[in-house]
Amino acid sequence: MIVCVAVVGNQVRSDRPRPLRGGAQNNPVYLQSFTEADDALKLHHIVHCSLDVIDERVNNPKRSGPTLNETFLGLLYPTENYKVYGYLTNTKVKFIMVTTDLDVKDADVRNLKVILQNHYKYVSVLVQIPTYIMFFRRFHAAYVDAVSNPFHVPGKKITSKSFAERVSVIVKSFGSTAT
């Protein structure tokens, strides 16, 4: 079950000083938790800790392996109660998902098998479609729609109610298919 999702932009906000190093500042533009209010601060901390893992993977390509070329970063790190997954766009916007699915193995995340029918030969073909990647793609599409709004100011928090509702629908649909 998904307990928290976040979008972390790479643009420096105009009301904050520029970072000392040449890189962009990790600016949380959206964070929503789907649990009690007691866990909100803890989940916020977990999201910020995952940014260090993402930066380490991006800045150390020799240690991160073949996932560097993919947008789906996979399992960032597990905690006692949660697992944290990441997704990085080509514009360096980071999407983070915190789940309570502790029994799900990282290999299973990447290898959900779906049978498709070939229209000409009626041959079943096994295609591997990772469910978490599909979640992140839907989440990314919702984000793109939200920031494409001409009234949205780049780098500012996303306050659109329609975006929040769309994210909630995506999370609920993912939760119902995972159980």
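This passage walks through the fold of a predicted model, from its overall layout to a few single residues.

Taken as a whole, the protein has five helices and seven strands. Read from the start of the sequence, they come in the order β-β-α-α-β-β-β-α-β-β-α-α. Of the 179 residues, 36% are buried. Long-range contacts are well represented: if one takes the contacts between residues at least 6 apart in sequence, 53% of them join residues at least 24 apart. The accessible surface adds up to about 11,100 Å², and carbon and sulfur atoms account for 56% of that area.

A good place to start on the details is strand β3, residues 72-78. Six of its seven residues are buried, so the strand is largely enclosed by the rest of the structure. Its partner is strand β4 (residues 83-88), which runs antiparallel to β3 and is joined to it by five bridges. The two strands make a hairpin, with four residues between them. Within this pairing, Gly-74 sits opposite Gly-86 of β4.

Helix α1 covers residues 40-59, which is 20 residues in all. From first C-alpha to last it reaches 29 Å, close to the 28 Å expected at 1.5 Å a residue. The buried residues in α1 are Leu-43, Ile-46, Val-47, Ser-50, Leu-51, Val-53 and Ile-54. An α-helix has 3.6 residues a turn, so residues three or four places apart point the same way. What do the buried residues of α1 pack against? They meet strands β1 (2-9), β2 (27-33), β3, β4 and β5. The hairpin strands β3 and β4 are thus among the elements that α1 packs against.

Then there are the aromatics. The structure holds twelve aromatic pairs. In one of them, the ring centres of Tyr-87 and Phe-95 lie 5.8 Å apart with the planes at 70 degrees, so this pair is edge-to-face. Tyr-87 and Phe-95 are both buried. Tyr-87 also pairs with Phe-136, and here the centres are 5.4 Å apart and the planes at 10 degrees, so the rings are stacked. Because Tyr-87 belongs to strand β4 and Phe-136 to helix α4 (residues 131-147), this pair ties together parts that are 49 residues apart in sequence. As for burial, Tyr-87 has 5% relative accessibility and so counts as buried, and Phe-136, at 0%, counts as buried too. Ring pairs also link a whole cluster: Tyr-30, Phe-72, Tyr-85, Tyr-87, Phe-95, Tyr-132, Phe-135, Phe-136, Phe-139, Tyr-143, Phe-163 and Phe-174.

Two further residues are worth a look. Thr-99 is part of strand β5, which spans residues 94-99. Its relative accessibility is 0%, so Thr-99 counts as buried. Leaving aside residues up to four places away in sequence, Thr-99 touches Met-1, Ile-2, Val-3, Asn-81, Tyr-82, Lys-83, Tyr-85 and Tyr-132. Two of these neighbours, Tyr-85 and Tyr-132, also appear in the aromatic cluster.

Is Lys-172 buried or exposed? This residue lies in helix α5 (residues 161-178), and at 63% relative accessibility Lys-172 counts as exposed. The C-alpha atoms of Lys-172 and Phe-34 are separated by 9.9 Å, although the two residues are 138 residues apart along the chain.

Conventions:
Residues are numbered from 1 along each chain as its sequence is written. This is a predicted model: local features need pLDDT of at least 70, side-chain atom pairs count only at pLDDT 80 or more; totals for chains, interfaces and linings use all residues. Side-chain values use heavy atoms; hydrogens and water are left out. Buried means under 20% relative accessible area, exposed over 50%, partly exposed in between (1.4 Å probe, protein chains only). Contact means heavy atoms within 4.5 Å. Two strands pair if DSSP finds at least two bridges between them. Rings of Phe, Tyr and Trp (its six-membered ring) pair if their centres lie within 6.5 Å; planes under 30 degrees apart count as stacked, over 60 as edge-to-face and the rest as tilted. The expected span of a helix is 1.5 Å times one less than its number of residues. Accessible areas come from the Shrake-Rupley method with a 1.4 Å probe; for residues, only the protein chains shown count as cover.
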